[in-house]
Amino acid sequence: MPKLPTLDHLRRLSGDIWNVAVDEYAAGSVNRRDLIRYAGLIGLTGFATAQNFGLPGAARAQTAAKPGGTIRVALDQPAATIDPVLVTDPASISVMSQVGEYLLFDDSETGLRPALALSWDGDDTAKIWTFKLRPGVKFNDGRVVTAKDVVATFERLIDPANGSSALSAYKGLLSKGAVSSSDDLTVTFRLDVPNSNFPFYVSSDVVNAVILPADYKGDFEKSFPGTGPFKLEAFRPKLGASFVRNPDYWGEKALPDRVEITFYNDPQSQVLALQAGQLDVIPYTPRIALSIGNDASFKILSVQASSHDPVHFRTDMAPFQDKRVRRALALTINREALCKGLFRGRAVVGNDSPFAPVFASTDASVPQRQPDLAEAKRLMAEAGVPNGFPITLTTERAYEIPDYAVLIQNFAKQIGIAVTLNVESQDAYYGAATFGKSDWLDSPFGLTDYGHRGTPDIFLNATLKSTGPWNAAHFKNPTYDGLLSDYSTARDLKSQRLAAGKIQRLLLDETPSIIAYFAQYSRVTTAKIQGVRFTAISHLLLDRASFL
């Protein structure tokens with residue numbers, strides 16, 4: 001058992017902001033895991049190991065690893081050409097993560113960790129952030145990574161002309177010309193507005209922020225340029241890809257000789273291939289869990305996540321202009337039953353805000369919304385619709401979404417709301433992903449999947465801020481916008497939680513959307529393999545994988 005440092009030792013590690021967190025830890029309002037995650041956020045990258053603080057997961061028991069072999073992986077078909085600037089789908093992210101790396105890596109247990117950046121620091125305004133790069137890192141074509149490559153990577157992402165998928169994160173936060181370097185190993189970001197969680201925005205949480213060569217032309221599939229533990233052996237569009245150990249990797253060399261990825265068109269084929277011994281790792285769905293049952297030949301691995309499927313209400317249109325109607329429908333949802341049934345226990349209840357339990361800043365003292373049909377019916381009567389009304393729920397054909405839509409239909413029926421389901425292909429549902437050209441953003445009543453992020457900032461800004469590009473609820477609330485500013489500029493956990501609690505309570509009152517659960521992210525592996533790691537946003541990390 002490692003010897004824990006004294007509080008005095010912890011306090012000497014940094015300044016006043018850190019010491020507020022240490023005081024909260026001493027008072028019992030911050031646990032060890034959250035304190036470690038917060039240390040990573042403010043750039044105390046080495047304190048845990050230096051002080052024997054006991055990083056969760058850092059010393060997880062593992063049978064002696066045997067180097068060598070080929071790890072065989074199944075993935076769904078990539079949604080489009082794999083390009084880090086544009087990528088959004090899980091399969092492409094998993095493929096890309098064999099070679100692509102970030103300034104920081106957001107570990108599911110320990111929070112932000114150094115990757116291509118060794119250290120980082122924000123000024124007192126939280127508007128200027130400086131990152132020191134790891135020296136001597138090489139791209140897999142032999143070129144050394146410099147600040148020039150990092151600056152070009154982020155300028156490429158924030159330039160609207162490139163149509164980057166990262167614009168949803170960077171719009172209003174970083175503008176073209178905001179990233180610069182003072183030498184080969186120093187990169188500075190000058191934000192449009194203060195943001196105390198900015199390190200997450202240059203981490204693996206923004207999947208597009210893979211560091212690429214400055215002269216990258218968009219032809220990623222040609223050579224898969226990157227700095228990671230593997231390098232491309234072969235890529236076969238629609239079929240799969242293979243990667244081999246990168247002998248020039250800056251970190252600990254990968255254990256497997258090769259990673260072989262095969263693309264599949266349906267989950268059942270993946271399960272059959274796994275059961276036939278042809279695969280070692282496949283994606284997880286609740287239905288796959290039913291297929292393998294309690295078979296000891298396989299393992300289901302999970303990480304906590306902020307992934308959720310919000311049900312949005314058009315707050316600017318009848319019948320959902322009245323918040324009493326929105327709250328009434330939210331009160332019909334049996335959240336515990338959803339977590340246990342729909343997700344086979346691999347989810348936690350949500351409280352109608354993006355503040356998941358996994359976030360250190362979430363105010364856990366905010367009362368949890370519980371099912372209450374009597375109150376729901378009273379609100380419907382008070383709103384002038386005691387007998388309910390018909391409404392169409394528009395959603396996408398993906399993951400567990402169609403099954404959840406049926407459950408919503410049944411819940412709503414209890415208070416007279418007759419829901420017709422319109423389940424579309426993802427292409428049809430998202431459309432052009434702009435207001436006026438997207439069923440996602442324009443439907444009066446919709447259900448959408450949102451993947452994991454390491455901080456609630458993107459959800460809070462993109463989906464609920466008055467000017468948010470993903471604001472399907474068309475929610476425009478000046479009080480909310482002001483509280484969001486307070487949250488974004490808070491420099492310590494106590495202040496963040498204070499602002500978060502106010503936001504959580506406002507969203508419970510207004511209920512622009514229902515967030516009934518936060519699902520874990522899982523993978524299925526054969527029991528003969530160990531060391532498979534992944535993030536809740538679909539990165540698949542196989543450099544420590546080995547056969548027993």
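Here are some questions and answers about the structure shown above.

User: Happy to dig in! What kind of model is this, and how many helices and strands does the protein have?
Analyst: This is a predicted model, where local features need pLDDT of at least 70, side-chain atom pairs count only at pLDDT 80 or more, and totals for chains, interfaces and linings use all residues. Residues are numbered from 1 along each chain as its sequence is written, and side-chain values use heavy atoms, with hydrogens and water left out. Helices (H or I, at least four residues) and strands (E, at least two) are DSSP runs numbered from the N terminus. On that basis the protein has 19 helices and 23 strands.

User: What percentage of the residues count as buried?
Analyst: Buried means under 20% relative accessible area, exposed over 50%, and partly exposed in between, with a 1.4 Å probe and protein chains only. The protein exposes about 22000 Å², of which carbon and sulfur atoms supply 52%; these areas come from the Shrake-Rupley method with a 1.4 Å probe, and for residues only the protein chains shown count as cover. Of the 548 residues, the buried share is 55%.

User: Which helix gives the largest share of the largest nonpolar core?
Analyst: A nonpolar core is a set of buried Ala, Val, Leu, Ile, Met, Phe, Trp, Tyr and Cys residues joined through side-chain atoms within 4.5 Å. The largest one has 88 residues, and Leu103, Phe131, Phe154, Tyr170, Phe189 and Phe198 touch the most other members. Six residues, the largest share of this core, come from helix H6 (residues 147-158).

User: Which residues lie in the other core, apart from that one?
Analyst: In soluble globular proteins, nonpolar side chains tend to be buried together. Apart from the largest core lies another, of 35 residues. Among them are Ala328, Leu342, Phe389 and Ala405.

User: Which strands stand at the edges of the sheet E4-E5-E7-E6?
Analyst: Two strands pair if DSSP finds at least two bridges between them. This open sheet of four strands has antiparallel pairing, and its twist averages 20° from one strand to the next. Pairing on one side only marks the edge strands, E4 (117-122) and E6 (179-183).

User: What angle does H6 make with E6?
Analyst: E6 is joined to strand E7 (residues 186-190) by four bridges, the two running antiparallel, and Ser181 stands opposite Val187 in E7. H6 packs on this sheet, touching strand E5 (128-133), E6 and E7; contact means heavy atoms within 4.5 Å. Axes are lines fitted to C-alpha atoms, for helices over the stretch in contact, and angles run from 0 to 180 degrees between N-to-C directions. The direction of H6 makes with that of E6 an angle of about 175°.

User: Why is one side of E16 and of E18 left without a neighbour in the sheet?
Analyst: The open sheet has five strands in the order E16-E15-E17-E13-E18, with mixed pairing. Strand E16 (418-424) and strand E18 (513-514) stand at its edges, so one side of each lacks a neighbour in the sheet: each has a single partner strand.

User: In E17, which residue is the bridge partner of Thr394?
Analyst: Strand E15 (residues 390-396) and strand E17 (residues 445-447) run parallel and are joined by two bridges. In E17, the partner of Thr394 is Gly446.

User: How do H11 and H19 stand to each other?
Analyst: The axes of helix H11 (residues 323-330) and helix H19 (residues 493-510) come within 7 Å and cross at roughly 100°. Lys323, Arg326 and Arg327 in H11 meet Leu508, Asp509 and Glu510 in H19. Angles under 35 degrees count as roughly parallel, over 145 as roughly antiparallel, 65 to 115 as roughly perpendicular and the rest as oblique. H11 and H19 are therefore roughly perpendicular.

User: What covers the buried residues of H17?
Analyst: Helix H17 (residues 457-464) is mostly covered, with seven of its eight residues buried. Those seven are Asp457, Ile458, Phe459, Leu460, Ala462, Thr463 and Leu464. Their cover includes helix H7 (167-170), strand E12 (298-307), helix H18 (478-489) and H19.

User: Is Ile93 buried or exposed?
Analyst: Ile93 has its place in helix H5 (residues 90-96). Among the residues that Ile93 touches are Val207, Ile537 and His539, not counting residues up to four places away in sequence. With 2% relative accessibility, Ile93 counts as buried.
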